[in-house]
Structures are given as C-alpha cells and as structure tokens.
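Colleague: Please take a close look at one part of this model and then place it in its surroundings. Plain terms will do, with each cut-off given once.

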Amino acid sequence: MDAPKILKDSKNKIRVDFERTSLAERLKAKYLSTAFLGKVIWKIFRLVLLVGIAYIILFPFFTKIAGSFMSREDLVDVTVRLIPRYPTLDTYKYIIKENSYFQAFINTFLLSLMCAAVQTFICAIVGYGLAKFKFKGNKLVFAAVIFTMIVPHETIKLSMYMNFKFFDVFGLYGMLNDALHFSETGSIDLINSYWPMLILSLGGIAFKNGLYIFMMRQFFKGVPDELEEAAYIDGESTFGTFFKIILPISIPMMITIFIFAFSWQWTDNFYTDLFFTQSGALMMPRIITVPPSLSDDSFAAQGLYESCIENTCGLLVILPLILFYSYLQRYLIQGIERSGIVG
Amino acid sequence: MNATKADVKVKPQAAKKKKPASLDKKKAHAGWFFVLPFVVIFVAVYIPIIINSITFSFNELEIQQMGGYELIFIGMDNYTEALFVDSGFVPTLVSGMRQLILDIPAIVIFSLFMAILLNEKMVGRTVFRAIFFIPVILSTGIIDTLDQSNSMMNYMQNAGEEMGGEGGQATANEIISAIDIQKLFQNMKIGQGLVDYVVNIVNDIYNVVNRSGVQMLIFLSGLQSINPAIYESCKIDGASAWETFWKITFPMISPMIMVNTIYTVIDSFTSKSNQVMAYIRNVYDSAANGQVLASAMSWMYFLVVILLIAIVAGLLSMYIFYQRRD
C-alpha cells in the first residue's frame, strides 16, 4: 500500500488521503474467520445452556402454579396436562380461610423481620471485629464461628429444645429463684415465644449465621486500613469510625445479608417447628395442611389432589418472598459484585 | 501484623513498668467489644447446648410430668446400638458419604462454570442472574421439604414424557437416558464409571442447580475481584481464552474453590435432603429412646464429616494460589 498522502486544505486544516480496503473485503475479513465462527457457536451454546437451566429452575414453579388452579375434575381427566380445563380458585380460597393464612403471614413477617435485622447488624459487627482487629483469641473466635456453621441442626435439636424449654443461664435463674421464689420449676419456659430466635440472632448463632459472619469478615478484609486510620487521626473513636465510616460503605453487602437472612428465616421450618409448638403462634410451616373442606377420602385421585393442595400452600408461603425478591434481586447481585470478597 | 507480634513480646516489660497501653494494643482490645455479642451468647447458650447434646448421647432420657427431665447414664450403649444393633445406620452412612464425595466436584465445577457464564457481558444477563438465584432464595426449608416427595410434580413430568411419545420406559425425572450418553462416548476411551457419573449428574441437574446458588455467588464475587488489567495484558500478549482461563482465572479463583468445596460439604451434610440426616430424623421421631440415639448417630456423622473436611482442605491447600497483596 502507498504511504498516506497529506494534503493541505487550508491554513489550519489538513486532509489525509490513503487507500482504504473496500467494504466487502473488510466484512469478509471480519465475519468469515474461524474466530468469528467460534464466537457465534459459543454464543449459541451459551444461550441454549442458560435457557435450558432457567427452564429447569422455573419448571417446578410452573407445575405448582398449574396445579394450584386445578379442580378435582382435572386430575381424573387424562387429557389435562399442565393447563387445567376446569380452573378453580377454591384451593386458594379454602387455604386462606381455613388455614388462617393471614395470621401466619403476620407472625412470620414479624419474626423474619426481627431476625433478619438483628442478624444483619450482629454479623456485621462480629465480622468487623474478626477482620480488622488482631486481638488475642481472634483465631479462636473465628474457629468458633465456623464450628457453629458446621454442627448440623439435627445434632443439637433435642438439647436446643430442652435448653429453651428449661431456660437458665449457668443456673443463675435457679439461684435467684431459690432466694426469691418466682416460679415452680426453677427455669423459664421460652418455647412459643420469639425469645429463642431473638437470643440466637443476638449472638449470631442462628440459622446460617456463620456464613453471614464469614461473608462480612471477607468483605471488611477488602476495605483498606487507610480509611480507618484517617478517621483515627481525625480523633474518631473505634466505634465512631465503625458507625460513621464503615457501616455506610458496607450497605450493599448488608442488603445481601439481609435478603438471605429474611428469606431463609421466612421459609425455615426447622426452628419454627421446634420453638413454636401446636399451641403457640401460628407460623408459615404449619399452614401446609389440607383444609378440612377439601378433604374427601371417597375421591379416587385424592392423594394427588392433596399433593396439589400442599403445593399451593407452598406457593402461598413463598408468594410474598417472590415479590420481595423481584424487587430486591438487583441489590443481591450488586452487593456481591461490589463486595470483592476475597478468599 | 508485625505490630501485634511486637506487642506480645514486650508484654511482660510493659506490665512491670505500668506503661499506658499503646494505640495498637488499645485498638486490639476494642476488637473484643465487636465480637462480644457472639462470644457471650456462644459461651452462655451454645456451649451448654453442645455439652447437653453430647451428654444426652451417653444417656437415656425420661421427660417428667412436672417439667424437667431425668437422665440415666448408660455409657456407650447408644453408640454401640447405632453401630452394631441398628441395621440401617452404617449402610446409610457409607452410601451417604459416597454420594457426598461424588456431589462435591459436580457442584463446584457447575457453579464455577455458571459463574463464568453469568459474568460475561451479554443480552439479558440481569434476567438470567435473577432466575439463577431464585433457588437460593425460594427452594429452602418449606419448599425443600415439599419437593422431597412431590407426587404432583412427578405426575406432571410423567405427563410430559408420555406426550413426547418416548414410551413408558424412561422414569419421570430423566432428562436424557444413559443410552444417549453412551452413544456419545462410544468412540472415546472413557471408563464406564465416568459415563454413569455424568449421566447421574445430568439427570439430577435440578438438585445440582438448587444446591449451587451460594457457591455461584461466591465465585461471581471472586471473578469480579480479579483486576481487569491482568486480562488486558494477557490479550495483548496474544493468549487465547482457554489459556487465559487456566493461567489467570483458575489460579486467581483457587481460594474460592477451597471455600466453596468446604461450604458444599457443610451445606449438603446439614441439609434436609441428605439421606443420612433423613435417616437420623426418622430415628429421632420413631424409635423408643430415639431422641438420644439420634444425638449419638449425628455426633458420629459429624466426626466423619469433620474428618472429610480436614482431608479435603489439606489436599486443596497444596494447590491453592494466594495473590500477594501488598
């Protein structure tokens, strides 16, 4: 190719004239190469894979939704597959009415909100303490956090129940009781109250809290020390620095933790079944039963119908969560993206 | 870090001279206040719970009418009963551990792959991300319990299979049959074991997807924290995407692989769908004296899993690359 020619148009302007490859040639070079072909194949493969897995994730929800509108007639009709021929809202109506859905909703909402708020804050504090201070015993405390995460709930189910049924810290209450005689048993019965969950949350040892503490710790490790040093030089105390500087910048991460804590507490049926027995506050797990008006043993496909009803109950349980998630999902990913968790 | 080491060394002198504590030391003490809520509740509530649970496993339990309970010490009887008398426990434990070991690579590799896909720039990325994290939020607890024996879901999936005219031979949940995969691998020299493994994973994909949500998030954040300048310089040096993955992404993400492997072990052995846990739960509810027997079984299971975690962590830590941060 010839060297580009420089033409002087006017005093302040020049024009560079060079031979350009024709458009067809350029397009050919760009689109008829193996690299481009590979890219296209990869993109198609990626799309197919993502759509396929998205389908696998969403299909159970579709079946649940389809099943929730089915009436008895649909279940014996062999031509009905996913779309009911005789749609009905009876299932929803009776579940909401007879399983006292709204009462369970309010109770669960209060419990989840309380737990999530407390856990988010406590895990942030503990995570900060573990990440930024080299006090003696730091490693031991961190090991304890991991320990609470590893011990399965089933292992301590019985003793946890016993502990809160006959609650007494180091026999202190018993001693006070011996002196002052407030009650017969010498211990406090905390079952059927919000106290067990509140106590566990306050200590950051409730459901999956080990994971939250770990995530917060990793997040704070990525925060540069200079930020705090600057605040110390300006005469801020350790706590002042934490509340004025560190907490505001960790809000995205805390929203992520809050989303986890709230939704896992919402659908949790281990602790709620354990601490709220039949006579206590009604929680979401216990509305998963067949309402009396819909149970009829003479019907041939009753087992299947009951399964549909139970799935509808499940759907009603997670319905508020779906709304909550669809509103907050971008924060979930943003929080993680900005966190820069390091291993 | 050096400051703390120095602190420890000068401590005896400092105590003698009654010097005011240094700034670093003061700061270090403040750390205790931050972890105080955890430490207090851990010592006051959690440790007694753990100790009780261990004690229960050596005792027989009688709940009294008045409130309160009585323990009768029986030594190792619960353990020997679980190991030698109960016919189901040991086989369940063995097959459960085998399943766990097989599941770990599937979940870790799948979540890493998905995290890389979801990290690429493309149309509809936010939608896909939102969908992929649905199981983390929704398919826990109640829904997990419901899905374990869901006759409605089986019915509807069966319906789909029959409509497809595949014949009634394939079971409800199979997406692909073993024959398809065998045809695919026929000409490659791959052992039968690996083929079966891949087939099982693909058929169990719903389960794998459900269990890899948190891992995907952790990998995603790890991928985000890799400096883009490294990729840029790689590209300038003419490295292909394949090389870039093995030379840059993989080493940089290797600490996350460790974290996720351990998390996967913890998560799957404490989850409800775990067969050993299901067995123990069954014992807890059914057998006479089952509650203490269940404690004994779950402590044994716990020890086995701790051993597994130690082995996995030991093996992986030999290959981990930590970027030096100055």
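**From one helix outwards**

Modeller: In chain B, helix 13 is followed by B:Gly238, which has a positive phi near 85°. (Helices, H or I of at least four residues, and strands, E of at least two, are DSSP runs numbered from the N terminus.) The model is predicted, so local features need pLDDT of at least 70 and side-chain atom pairs count only at pLDDT 80 or more, while totals for chains, interfaces and linings use all residues. Residues are numbered from 1 along each chain as its sequence is written, and chains are lettered from A and ligands numbered from 1 in the order in which they are written.

Helix 13 of chain B covers residues 228-236 and is hardly covered by the rest, with zero buried residues among its nine. (Buried means 20 or more other C-beta atoms, placed from the backbone, within 10 Å of the residue's own; exposed means 12 or fewer, and partly exposed lies in between.)

Next come helix 12 (residues 213-224) and helix 14 (residues 241-270) of chain B, which pack at about 165° with axes 10 Å apart. (Axes are lines fitted to C-alpha atoms, for helices over the stretch in contact, and angles run from 0 to 180 degrees between N-to-C directions.) Helix 12 and helix 14 of chain B are therefore roughly antiparallel, a label for angles over 145 degrees; under 35 is roughly parallel, 65 to 115 roughly perpendicular, and the rest oblique. Helix 12 of chain B passes helix 14 of chain B in a right-handed crossing, in which the near helix is turned clockwise from the far one by less than a right angle; anticlockwise would be left-handed.

Among the residues that meet are B:Ile218 and B:Phe219 in helix 12 of chain B, and B:Met256 and B:Tyr263 in helix 14 of chain B. (Contact means C-beta atoms, placed from the backbone, within 7 Å.) This contact of helix 12 with helix 14 of chain B has eight nonpolar, four polar and no charged residues. (Ala, Val, Leu, Ile, Met, Phe, Trp, Tyr, Cys and Pro are nonpolar, Asp, Glu, Lys and Arg charged, and the others, Gly among them, polar.)

On a wider view, chain B is assigned domain 1 (22-77) and domain 2 (80-147 + 207-317), with bounds from an automatic or database assignment. The C-alpha centres of these two domains of chain B lie 28 Å apart. Nine residues of domain 1 of chain B touch eight of domain 2 of chain B. Helix 2 (23-56) and strand 1 (59-63) of chain B each give two or more residues to the domain 1 side.

Methods. Two residues are in contact if their C-beta atoms, placed from the backbone, lie within 7 Å.
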